[in-house]
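Please open the model in your viewer and keep the sequence panel beside it. The tour below moves from the whole protein to single residues, naming at each stop what to select.

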Amino acid sequence: MRYKMFMRVSEAQQAFFAARRPRKDSPHTTDAYRRDLAGITALLLRELDRSPDELTVEMLTAQALRNAFGAFADTHAKSSVLRAWSTWNQFLTFCVSDGLLAGNPMGAVARPKAPPLTPKPLRGEETPEQLLAAAADGSRRTRDPWPERDVLVIALGLVAGLRAAEMRALTARSLVGRQGEMRLHVHGKGSRDRSIPVQPIMEKIIEEYLASCRRRFPQQRFGPSTPLLRDRAGEPIGRGALEYLVKSCYRWAGLHDRVPVGANLHALRHTFATRLAEDGATASEIMALLGHASLATSQNYIEATGREQRAAAASNRTYRALDGIV
């Protein structure tokens, strides 16, 4: 078999994305793949002292990739290195299957061990309620307070378990069903749609938020298919602005020390899932409500609640001795 090893890496990467089109990857996934490929490619160019037009597939040797990933690891977190390794492994697997390479060299490139998937809910039993109360009271002292929006965003995380991208994809049409039996239709990660039952109070929160939009932006039309969440200018809210909104809600409520490191908005989703597990939801129920691709991911929340572990620890006979001396 004659391999097309003299194809430019940039062309091979274009072919890789063209081949993935039938998979219908989300824009977020595609952007992440492009960043991972571009980041390592830049290091390969520096390592091999080549221009983009000179870098060919045949130069993607184990040694060159090891050096590039080593430099990448010096300035990136373990999770970023692991994600980049996975992206390049998929890209080079494609190169092999498309006859561009004789074999995938990524097997010779070390990768960090995947960290255990541990939920990161908000700390403190009453923290979610305190956060909602503070948002409703307008505690977030910004230049332009918008408590209706703050409450809606926090509620979407705490009672529906939505990711940031899922919140931004919501429209007024996402709330469907008969009054009192409404469901939130969510376009989830990996194009997995799901429907989440919501209580009447969520209908009211969304209605109050939409009313506040009409007061703030009387010249704008908010149709049923336009993005639900807006920024201060009335435009669809961006990812960074949404993350900042939630982070500032924690800060103004005085609860920032109860947020696990690196969680921020995702801590709301983890709190939703953890409370489901604590209240007896099964892994399959959690999987359906959160839109997980794997039942094992949902099982993590069951295990994290530690009901069985707590019961086992409580049976320790030493506790009886402690009861007798305290």
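With the whole protein selected and its surface shown, you are looking at about 18,400 Å² of exposed area, 53% of which is supplied by carbon and sulfur atoms; accessible areas come from the Shrake-Rupley method with a 1.4 Å probe, and for residues only the protein chains shown count as cover. This is a predicted model, in which local features need pLDDT of at least 70 and side-chain atom pairs count only at pLDDT 80 or more, while totals for chains, interfaces and linings use all residues. Residues are numbered from 1 along each chain as its sequence is written, and side-chain values use heavy atoms, with hydrogens and water left out.

Switch to a C-alpha trace, and the protein spans about 70 × 70 × 35 Å along its principal axes. In a cartoon view there are 14 helices and three strands, where helices (H or I, at least four residues) and strands (E, at least two) are DSSP runs numbered from the N terminus. Of the 326 residues, 40% are buried, a word that here means under 20% relative accessible area, with exposed meaning over 50% and partly exposed in between (1.4 Å probe, protein chains only). Among contacts with a separation of 6 or more, 61% join residues 24 or more positions apart, a contact being heavy atoms within 4.5 Å.

Next, colour the charged side chains: 47 are positive and 34 negative, and the centres of the two sets lie 2 Å apart. For this count Lys and Arg are positive and Asp and Glu negative, with His and the chain ends not counted, and each charge is placed at NZ of Lys, CZ of Arg, CG of Asp or CD of Glu.

Now select Lys24, in the loop between helix H1 (9-20) and helix H2 (27-48). Lys24 is exposed, at 60% relative accessibility, and has a positive phi of about 60 degrees although it is not a glycine. Most residues other than glycine have a negative phi. Go on to Asp49, in the loop between H2 and helix H3 (62-75), where a positive phi of about 55 degrees again occurs in a residue that is not a glycine. Asp49 is exposed too, with a relative accessible area of 68%.

Select Asp150 in helix H6 (residues 147-158); this aspartate is buried, with a relative accessible area of 3%. From Asp150, draw a C-alpha to C-alpha distance to Cys213, which is 63 residues apart in sequence and 13 Å apart in space.

Stay at Cys213, which is buried at 1% relative accessibility, and add Cys249, buried with a relative accessible area of 5%. How many disulfides does a search of the whole structure find? The search finds zero, a disulfide being a pair of cysteine sulfur atoms within 2.5 Å. Cys213 does not form one because its sulfur is 15 Å from the closest cysteine sulfur, in Cys249, which is too far for a bond.

Finish at His270, in helix H10 (residues 265-278), which counts as buried at 12% relative accessibility. Show its side chain together with the backbone of Lys120, and the His270 side chain reaches the backbone nitrogen of Lys120 at 2.6 Å. As a last distance, the C-alpha atoms of His270 and Pro200, 70 residues apart along the chain, are separated by 23 Å.

How values were computed
A polar contact is a pair of N or O atoms within 3.5 Å; within protein, one must be able to donate a hydrogen and the other to accept it, and residues adjacent in sequence count only if both atoms are side-chain atoms.
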